[in-house]
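Please look over the sequence and the structure shown here before reading on. The paragraphs that follow lead from the overall fold to the core, and then to the spaces between the side chains.

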Amino acid sequence: VWAVFGFLHSVSWFAFERAIGMLGIAVLSWAFYRYLRSLDVPAGFAFLLPALVIFMPPLQVYAAWATVSLYPYAGLLAGLGSLLVDKALKERRHQRARLVTAMLVVLAATAVYQPSAMFLWLFAAAAMLFGDQTIRDKLLSFASKVAITAAALVLDFILSLVLPLDRKST
């Protein structure tokens, strides 16, 4: 938060911060739309699902409150983590590096805001519902995403113990 608010000189700059949040929501919606289209979901339905998501109350709060303007980017990072897991499972080349990268991206998302990081499951659900993989491949993808998310959450917890932001100086 300080990285964003550190350069704001007055309360009037919060409008700029809210614009950053709205841009994040638009990019998250566009990324989800593009992902649905890559799964051959019809254009109208692929447009409707992200529209329903961006009009949910939590995302409206992200747009309205300057202090939470970075939360949509956590959702975007989480979606990217989901896509990286799928790519790692589809293309065996550099699989371990892609899975580690996916875990680090999800870790970054959880470090920003854990609830927004759960957008990973939105992308995972789309892959489960609309993907053309076999049931076995879908279950492997789901299990991999559970493992990646669990590892990221554990590391996030460890980081919160090692690097507390509210440390009192003595």
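**A walk through the model**

The protein contains nine helices and zero strands, and this description rests on a predicted model. Read from the N terminus on, the elements follow one another as α-α-α-α-α-α-α-α-α. Of the 170 residues in the protein, 37% are buried, while the surface that the protein exposes comes to about 10300 Å², with carbon and sulfur atoms supplying 71% of that area. Among the contacts with a sequence separation of 6 or more, 71% join residues that are 24 or more positions apart.

With that outline in mind, one can turn to the interior. The largest nonpolar core has 33 residues, and the members that touch the most other members are Y35, L36, L59, Y62, A78, F119 and A126. Two or more residues of this core come from each of the helices α2 (14-38), α3 (43-54), α4 (57-64), α5 (71-90), α6 (95-112), α8 (120-130) and α9 (135-162). L59 can serve as an example of how such a member is placed: once residues up to four places away in sequence are set aside, L59 touches I25, V53, I54 and F119.

Helix α5 offers a useful pair of residues to set side by side, since both L80 and S82 are found in it. Is S82 buried or exposed? S82 counts as buried because its relative accessibility is 0%, and the cut-off for that class is under 20%. Leaving out neighbours within four places in sequence, S82 is in contact with L120, F123, A124 and K145. L80, by contrast, has a relative accessibility of 38% and therefore counts as partly exposed, a class that lies between the limits of 20% and 50%. L80 and F123 stand 43 residues apart in sequence, and their C-alpha atoms are 8.8 Å apart in space.

The next step is to ask where space is left inside the protein. How many cavities of 30 Å³ or more does a search of the whole structure find? The search finds one, and the largest cavity has a volume of about 40 Å³. Its lining is formed by D86, A124, A127, M128, Q133, K138, S141, F142 and K145, so that A124 and K145, which are also contacts of S82, appear here again. Helices α8 and α9 each supply at least two residues of this lining, and α9 gives the most, with four residues. By class, the lining of the largest cavity is made up of four nonpolar, two polar and three charged residues.

A pocket completes the picture. The second largest pocket has a volume of about 320 Å³, and the residues lining it are Y35, S38, L39, D40, L83, D86, K87, K90, F130, G131, D132 and Q133. Two helices, α2 and α5, each provide at least two residues of this lining, and the largest share, four residues, comes from α5. The lining of the second largest pocket divides into four nonpolar, three polar and five charged residues. D86 and Q133 belong both to this lining and to that of the largest cavity, while Y35, already met as one of the core residues that touch the most other members, also lines the second largest pocket.

Terms used: Residues numbered from 1 in each chain as written. Predicted model: local features only at pLDDT ≥ 70, side-chain atom pairs only at ≥ 80, totals over all residues. Heavy atoms only, no water. Core = buried A, V, L, I, M, F, W, Y, C linked by side-chain atoms within 4.5 Å. Buried < 20%, exposed > 50% of the residue type's maximum accessible area, 1.4 Å probe, protein only. Contact = heavy atoms within 4.5 Å. 1 Å grid on protein atoms, 1.4 Å probe; cavity = no way out; pocket = protein on both sides within 12 Å on 5 of 7 lines; lining within 4 Å. Points joined across faces, edges and corners; volume = space filled by probe spheres on them. Nonpolar A, V, L, I, M, F, W, Y, C, P; charged D, E, K, R; others polar. Areas by Shrake-Rupley, 256 points an atom, 1.4 Å probe, with all protein chains shown as cover.
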